[in-house]
Amino acid sequence: MATSTDGVLLAWGTEVGNIFIVNTDTGDQLAMWRAHWHAVESLTFSPDNTVLTSCGVEIRPSIPKEEYMLLTPE
C-alpha cells in the first residue's frame with residue numbers, strides 16, 4: 001500500500017497483480033489495471049506524485065516459447 005506525499009491518493013495491489021488507486025477525500029476509485037502476473041509486492045509514489053512504481057514477483061517455470069506466446073493475463 002502507498003499514499004501520495006500530499007495524502008490525496010491511496011494505491012494498493014492485489015494477490016493477482018491488480019493495482020487500484022483511490023482518492024482519499026472522496027473514496028472514488030480513480031484507476032485500476034493489471035500490472036503483474038502474480039502478487040504486487042510493493043508500491044511507491046514519486047516525490048512529486050506523478051509516477052507510481054510497483055514491484056511484483058514474475059516467476060514462471062521454464063516453458064517452450066510456443067506455449068509462452070499463448071499465455072494471456074488471467
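How many bridges join E2 to E3, and do these strands run parallel or antiparallel? Five bridges join the two, and the strands run antiparallel. This pairing is a convenient place to enter the structure, which is a predicted model.

E2 and E3 belong to an open sheet of four strands, arranged in the order E1-E2-E3-E4 with antiparallel pairing. At the edges of the sheet lie strand E1, residues 2–3, and strand E4, residues 29–34, each of which pairs on one side only. Strands of a sheet pair through backbone hydrogen bonds, in either a parallel or an antiparallel manner.

The strands can now be followed along the chain. E1 is joined to strand E2, residues 9–13, by two bridges, and this pair runs antiparallel. Within the pair, Ala-2 is found opposite Ala-11 of E2. E1 and E2 make a hairpin that has five residues between them, and Gly-7 in its turn has a positive phi of about 80°.

The next hairpin consists of E2 and E3, with four residues between the strands. Here Gly-17 takes a positive phi near 95°. Across this pair, Leu-10 stands opposite Val-22 in E3.

Val-22 also leads on to the other edge of the sheet, since its bridge partner in E4 is Gln-29. Strand E3, residues 18–23, is joined to E4 by five bridges, and the two strands run antiparallel. E3 and E4 form a hairpin as well, with five residues between them. In that turn, Gly-27 has a positive phi of about 80°.

The side chains come next. In a regular strand, side chains alternate between the two faces of the sheet. Which residues form an aromatic pair? Trp-12 and Phe-20 do, with their rings 5.5 Å apart centre to centre and 15° between the planes. The pair counts as stacked because planes under 30 degrees apart are classed that way. The count of aromatic pairs comes to one.

Is Trp-12 buried or exposed? Trp-12 is partly exposed, because its relative accessible area of 28% lies between the limits of 20% for buried and 50% for exposed. Trp-12 thus combines partial exposure with a stacked arrangement against Phe-20.

Notes. Residues are numbered from 1 along each chain as its sequence is written. This is a predicted model: local features need pLDDT of at least 70, side-chain atom pairs count only at pLDDT 80 or more; totals for chains, interfaces and linings use all residues. Side-chain values use heavy atoms; hydrogens and water are left out. Two strands pair if DSSP finds at least two bridges between them. Rings of Phe, Tyr and Trp (its six-membered ring) pair if their centres lie within 6.5 Å; planes under 30 degrees apart count as stacked, over 60 as edge-to-face and the rest as tilted. Buried means under 20% relative accessible area, exposed over 50%, partly exposed in between (1.4 Å probe, protein chains only).
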